[in-house]
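Take a walk through the structure below. The route runs from open spaces to single residues.

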Amino acid sequence: RFMGLDGKMHSLGEPQYAGRAIVLQLFGTWCPNCHDAAESMSSIYDEYREQGLSVVGLAFELSDDFDRNKRQVVKYIERHQTKYPVLIAGLADKDKATDSFRALDRVRSFPTTLFLTAKGEVHAIYTGFSGPATGEEFQKLKNTYHEIIKELLSKSN
């Protein structure tokens, strides 16, 4: 359960996620690679949401001040035209982030992207992000993400 920008706690157990493949993006508004990842994830969400994909951003921030974090996350959402929900998950501490995700042996970097089946099982995990400046690696990663999502959606229908 994580804090929404509305000040209420939210979880993946809510009805809007039932039976849907989900991509969780663990990120921080302070992280340059996370900004690159947000651009890609916004595009992916726009392309696949009508087919049953949910995306949830989980912000791990530098402060434990909710109001400050909310302001940072709102700027991030506006900058990247993010239409998927973003929750404030806690401090940008890899050990604390790991405690929030028992499916991971360790959060190694931000961003970390988890691909979950419609049953909530971890299908794939990607740590870090090869952004546009990496050229061919960026294209390979985008292609991989699309392949994973198509596979998840085909299994959930």
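The paragraphs that follow treat the pockets, then the backbone, then a handful of individual residues. The model is a predicted one.

Start with the empty space. Rolling a probe the size of a water molecule over the atoms shows where such space is left. The largest pocket holds about 240 Å³. Its lining has 18 residues, and the closest to its centre are Leu12, Leu24, Phe101, Leu116 and Gly120. Strands β3 (21-27) and β6 (112-116) each give at least two residues to this lining. What is the lining of the largest pocket made of, by class? It divides into 11 nonpolar, four polar and three charged residues.

Now move to the second largest pocket. Its volume is about 170 Å³. Several stretches of the chain line this pocket. Among the lining residues are Arg1, Phe2 and Met3, together with Met9. Ser63, Asp64, Phe66 and Asn69 also belong to the lining. Ile88, Ala89, Gly90 and Leu91 take part as well. Three elements give two or more residues to this lining: β1 (2-4), α2 and β5. Which of them supplies the largest share? Strand β5 does, with four residues. By class, the lining of the second largest pocket has seven nonpolar, three polar and two charged residues.

Next, look at the backbone. The peptide bond between Phe110 and Pro111 is cis, with omega at about 0°. Pro111 sits in the loop between α3 (94-100) and β6. Pro111 also turns up among the contacts of Phe129, a residue treated further on.

Another backbone feature is at Gln81. This residue is not a glycine, yet its phi is positive, at about 50°. Gln81 lies in the loop between α2 and β5. Is Gln81 buried or exposed? Its relative accessibility is 59%, so it counts as exposed, the cut-off for that class being over 50%.

Thr82 follows in the loop between α2 (66-80) and β5 (86-91). Thr82 is classed as buried because its relative accessible area is 9%, and buried means under 20%. Which residues does Thr82 touch, leaving aside its neighbours within four places in sequence? They are Ser42, Tyr76 and Ile77. With Ser42 there is also a polar contact: the two side chains are joined at 3.5 Å.

Turn to the cysteines. Cys31 has a relative accessibility of 5%, so it counts as buried. Cys34 is buried too, with a relative accessible area of 0%. How many disulfides does a search of the whole structure find? The search finds zero.

Go on to Phe129. It is found in the loop between β7 (122-127) and α4 (136-156). Its relative accessible area is 10%, and therefore Phe129 is classed as buried. Which residues are in contact with Phe129, once its neighbours within four places in sequence are left aside? The list includes Asn33, Asp36, Ala37 and Ser40. Pro111 is on it, the proline of the cis bond with Phe110. Phe138, Leu141 and Tyr145 are on the list too. Ala118 offers a distance to set beside these contacts. Phe129 and Ala118 are 11 residues apart along the chain, and their C-alpha atoms are separated by 24 Å.

Gly52 belongs to the loop between α1 (32-48) and β4 (53-61). Gly52 counts as buried because its relative accessibility is 15%. It touches Arg20, Ala21 and Leu153, not counting residues up to four places away in sequence. How do Gly52 and Gly120 stand to each other? They are 68 residues apart along the chain, and 14 Å separates their C-alpha atoms. Gly120 has been met before, among the residues closest to the centre of the largest pocket.

The last stop is His146, in helix α4. Is His146 buried or exposed? At 18% relative accessibility, it counts as buried, since the limit is under 20%. His146 touches Ile44, Glu47 and Tyr48, with residues up to four places away in sequence not counted.

Methods
Residues are numbered from 1 along each chain as its sequence is written. This is a predicted model: local features need pLDDT of at least 70, side-chain atom pairs count only at pLDDT 80 or more; totals for chains, interfaces and linings use all residues. Side-chain values use heavy atoms; hydrogens and water are left out. Buried means under 20% relative accessible area, exposed over 50%, partly exposed in between (1.4 Å probe, protein chains only). A polar contact is a pair of N or O atoms within 3.5 Å; within protein, one must be able to donate a hydrogen and the other to accept it, and residues adjacent in sequence count only if both atoms are side-chain atoms. Contact means heavy atoms within 4.5 Å. A disulfide is a pair of cysteine sulfur atoms within 2.5 Å. On a 1 Å grid over the protein atoms alone, a cavity is a set of points where a 1.4 Å probe fits but cannot get out, and a pocket is an open set with protein on both sides within 12 Å along at least five of seven lines; lining residues have an atom within 4 Å of a point. Grid points are joined across faces, edges and corners, and a volume is the space filled by probe spheres set on the points. Ala, Val, Leu, Ile, Met, Phe, Trp, Tyr, Cys and Pro count as nonpolar, Asp, Glu, Lys and Arg as charged, and the others, Gly among them, as polar.
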